[in-house]
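User: I would like a close look at a single part of this model, followed by a connected account of its setting. Please begin with the question below.

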Amino acid sequence: MPNKNVLAQYVPRLVSDAVTLRGASSPGIEQVNGTMVFADLSGFTALSERLAVMGREGAEQVTETINFFFSSILEVTDRYGGDNLKFGGDALLLLFTGDNHADRAVRAVLTARSLVKKIGKIVVDGRSTRLGMSFGIHSGDFWSAVAGKPGDRMLHYMLGSEVRKVAQAESEASSGQVVISSQTLDLLSGRYAVHGGGEFHRVVRSYGGSFKVEQTKTIFASSSSPHIADYIPIPVREAMDQAGGNGSLPSEHRKAWVIFMGVEGFEDLLERSGPDQALDQLTGFSAEIIDSAQAHGGLVLGTDIDEYGFKTILLLGVPRAKEEDAANAGRLAIALRENLKSVAPDLHPRIGLNSGFVFSGDVGSPNRRDYTVMGDAVNLSARLMNVAKPGEIIVSDNFISDVGSTFIGSPRDPVRLKGKAHPQVISLLLEERPESDSGLNSSKLLGRDAELAQLNNLAQQVERGSSQTALIHGPIGIGKSRITKELSTGLFESDWSIITGNCRSHTTRTPYSSWRSILEQLCGIDDGDSIEQRTSKVEQTVQRLAPTSQDFSSLLNGLLGVKLPENDIIFSLDAESQLRRLKDLVVGLLEGYCKTAPLLLIIEDIHWADVSSHDLVSHVIQSVGPKSKLFLLASSRESDSLAAESISRVGLYELDSAKAGELLSEILGGDSQDLDGVGRLIERTGGNPLFIEEVAAALTSSSALPGSVVSGFTVPDRLQTLVMSRIDALPAQERDVLRMASVVAESFDASSLARMDTESGDPEIVIARLASLARLGFVDPTGTSTFTFRHAVVQEACYDSLAYATRRRLHREMVTLLEESDDDHIIEKYETLLHHSENGRDKERTLKYGVLSAQRARSMYAFDVAINHYETSLTSLESSNVNAGVIKTCLFELIGDCHAERGRYPTAAIAYQTALRQWRKSAGNRGYLPEYLSLTDRPALLESALTTKVGASLERSSEYNRSIRWLDNAIENIPNRSGSLKGRVFTVLSELSAPVETRST
């Protein structure tokens, strides 16, 4: 259990004091005399709407901004002895009690207003925005109630007509204004300038004075009560405990189902029947929503004031996901609507339900905080609640997409909602569809026998001497790797050679990322080989498999990290010719390798291939001899990734129900026909093998097995949610290791994780946790201390759940680890360093490793990849960098060089002209270049050199007149002593047509 003093930070002092006095968390209702403040962050709705287009990162920035303002306001509140009762999105509900409570409340608000004016201008996503706050203040006797299930979960409510007056006062205030009620004005000491009359008044300023207030350090003196924990949702308490007991939960991005329920009728009940009977119904209401939420795997986040009474917020999917969250959200909403009729007949709920990704975590200050969720999905759910009438459940189109035909609904006309540019599609949720009328699809789907037979038939053609290429395609989790493995096993037993290369999402900009491992296997290179050993193996392999290409073997230096000597033949070739020779060399090696036995060459996930790898795949397909016994199998989600007509396409689709049942039976170790409801399970998986595997894993770990209980087990409609439900079920330490690994790469080693794991720092402990994850099916070992994610979706689910701030920190840690590693092959890690620098928002290192990665790509003739890296460096260059102009000059010149080397001379001319403009703009501030960059000529000659490059590029583009003008300009600006540069210019001029020669004479 988390520390009690920490738990008290999540509970209003009004509640913790009452719990300590009573010695228990029993239901109760009492009037509290004081002054209440409703503080609303004005301008924030527009900001959050703008950030909503950024998706998850926008939600995170919203929360960061909220915390910045809330912590400042709460510090002032503490100083004046106030108590924060509720966090309500972009609003706070504050209470001041005791001596001079009205004066202290107004003085605190005026101080907070001055503070907001100072900190109100913020920059988000590069744009400046000014935020303010509006304040409503009312003094009176407020009803404070606690109700629920003692020892389990209790809820705190602020109720009654006096509470509504606070909200009314705030509604009268514009941004930056403080509006008080007449009751508050009557209690003030007269030291304020107040405008207006009637029920509400505007406070302009105070005339000074001071008040004796409690010290902040005494606020949590009553936090020793063990019953404080009852006021925090059980799943949140459990997650806090797993996080180490310090009360701080990691901020995360999560798919959540958000239910807002506004409740009308309590105020009338209170006035009609008195506080005791009102408390009875409130207790029944609270116990019902707590029980229903827990029964459906959700939680009651808390309560807040509402225009018509009060509202409650319920969540599924946070802080831990469960397999049935989507359907259970609908079931929970229906249960609340139906069950509350009997336990609280005078309370009338209006329910809004929406789903989407939210940012979850703590908001507030170190002294007073709360666990909450924020994001567009939360805002939309609240808007739907406002649309609903008493007794109605209004759901979004997002929710309908999640649950499909599981529920019966009645579409409503689209509605315009605050914060939405377009009308929103909504429905009235009626009931869950009976299982017999669920509309499940029972049509037969294709199995795998036909596809495997097709592949084996192609393999037989290869054995008869006809080279073949097949492309397996289908969605993620459909079984591409599984059928490839089965094919490989059979062909290996028939004396085929098997070589596999993998394309990864994080290597999409690493030149020839998949081909490096293919060629290393072909050459017999091991991970521990020195450069000398690698060089020797490559040299021997080229001599054995492609002896006629030995003169070009040094072209493999950059790709394989070897040091074969270059010769005059290589030096005589231009860059484009060297690239063609490199491709032909790879073809020759493959053809030589498969002369003695057929070769199955597998390239997995080619949709993630970098441009160079994809280009080489196409070249091999088109160039390999027709009798080379080569079978290239490229696995992809996209059927048209490779356009060659000679490719045989093998599409994989969902399993039919019979085969899905067989797969499920095999995994569960029994006959699926004996399991009640398994048919429905299979339908919910859509026949996707990975879905079926994940469902089976969840079933086998569930205490609900075996027997007919399975009939009530449903699976989510989105694989990521299902995977997250399994990840959330892991022990905290294993889960943390998995999350860190998701930042490193799809393949990773324990030593790197150990250095990132501040808790243990011990590779052996990390290896033990990874071994546990391997037993549970999350990762696969690839060596004694190296592992890989079993499914890419596991990595993606982990990574996507991380807060952006956490991702950036871990990415930056990876850069530091790689830089500090004692590795002779650091040059081969430039792309990895760039990946982590860019995702870590380290602009200085992104600039550096973008350039170094580009230089490495150019050494392998991957000019398009190099251009991409140079452009990444440009985007990372800070405008405040005093050397920005000269760095841009250099980068644009290098981009022009790459285009010129590919023969794209018009584009090269544009890049050189851009470099020239940057050079001229930086005339007054030409600082030093970083050590990894250099100009092609001395500063005094650079303008003429760039002008010459423009002219030369135009000449090669056949734009002779423009070329002459640029070259003439170059000659005019060349210093007298720069004969070599003049020589370059005249060389270009001499290549121009006859009219140019006539002009020269």
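What is the relative accessibility of Lys 537, and does the residue count as buried, partly exposed or exposed?

Analyst: The model is predicted, with local features needing pLDDT of at least 70 and side-chain atom pairs counting only at pLDDT 80 or more, whereas totals for chains, interfaces and linings use all residues. Residues are numbered from 1 along each chain as its sequence is written, and side-chain values use heavy atoms, leaving out hydrogens and water.

Lys 537 has a relative accessibility of 25% and counts as partly exposed; the classes are buried for under 20% relative accessible area, exposed for over 50% and partly exposed in between, with a 1.4 Å probe and protein chains only. Its partner in a salt bridge is Asp 529, and 2.8 Å separates the closest N and O atoms. A salt bridge here requires a side-chain nitrogen of Lys or Arg within 4 Å of a carboxyl oxygen of Asp or Glu. Asp 529 is itself buried, at 11% relative accessible area. The bridge therefore joins a buried acidic residue to a partly exposed lysine.

This pair belongs to a wider set, since the whole structure contains 37 salt bridges. Another of them links Lys 149 with Asp 152, where the closest N and O atoms are 3.9 Å apart. Lys 149 is partly exposed, with a relative accessible area of 24%, while Asp 152 counts as buried at 17%. A further salt bridge is formed by the side chains of Glu 831 and Arg 856, at 2.9 Å from N to O. Glu 831 is in helix 31 (residues 830–839) and Arg 856 in helix 32 (residues 843–859), so this pair ties together parts that lie 25 residues apart in sequence. Helices (H or I, at least four residues) and strands (E, at least two) are DSSP runs, numbered from the N terminus. Both Glu 831 and Arg 856 are buried. Elsewhere, salt bridges with shared partners join Glu 252, Arg 254, Asp 728 and Arg 739 into one network.

Aromatic rings provide a second kind of link, with a count of 10 aromatic pairs. Rings of Phe, Tyr and Trp (its six-membered ring) pair if their centres lie within 6.5 Å, with planes under 30 degrees apart called stacked, those over 60 edge-to-face and the rest tilted. Phe 70 and Phe 87 make a tilted pair, 5.8 Å from centre to centre with 35 degrees between the planes. Phe 70 lies in helix 4 (residues 56–79) and Phe 87 in strand 2 (residues 83–88), so their pairing ties together parts 17 residues apart in sequence. Phe 70 and Phe 87 are both buried. Trp 496 and Phe 631 instead form an edge-to-face pair, 6.4 Å centre to centre and 70 degrees between the planes. Trp 496 is in the loop between helix 15 (480–493) and strand 20 (497–502), whereas Phe 631 is in strand 22 (residues 630–636), so the pair links distant parts of the chain, 135 residues apart. These two residues, Trp 496 and Phe 631, are likewise buried. Tyr 157, Phe 266, Phe 285 and Phe 310 form one aromatic cluster.

Charge over a ring is counted when NZ of Lys or CZ of Arg is within 6 Å of the ring centre and within 35 degrees of the ring normal. Arg 807 lies over the face of Tyr 799, at 4.7 Å from the ring centre, and also over that of Tyr 804, at 4.1 Å.

Helix 6 (residues 161–171) shows how burial is arranged along one element: Glu 162, Val 163, Val 166, Ala 169 and Glu 170 are buried there. Viewed down the helix axis, these buried residues fall within an arc of 115 degrees, so they line one face of helix 6; the arc is taken over the directions from the helix axis to the C-beta atoms. They pack against several strands, including strand 1 (28–42), strand 6 (132–149) and strand 12 (299–306), contact meaning heavy atoms within 4.5 Å.

Leu 663, in helix 22 (residues 657–668), is buried at 15% relative accessibility. Beyond neighbours within four places in sequence, Leu 663 is in contact with Arg 482, Leu 655, Pro 689 and Ile 692. Ile 692 is 29 residues from Leu 663 in sequence and 7.7 Å away in space, C-alpha to C-alpha.

Overall, the chain has 39 helices and 26 strands, and 57% of its 1001 residues count as buried. Among contacts between residues at least 6 apart in sequence, 72% join residues at least 24 apart.
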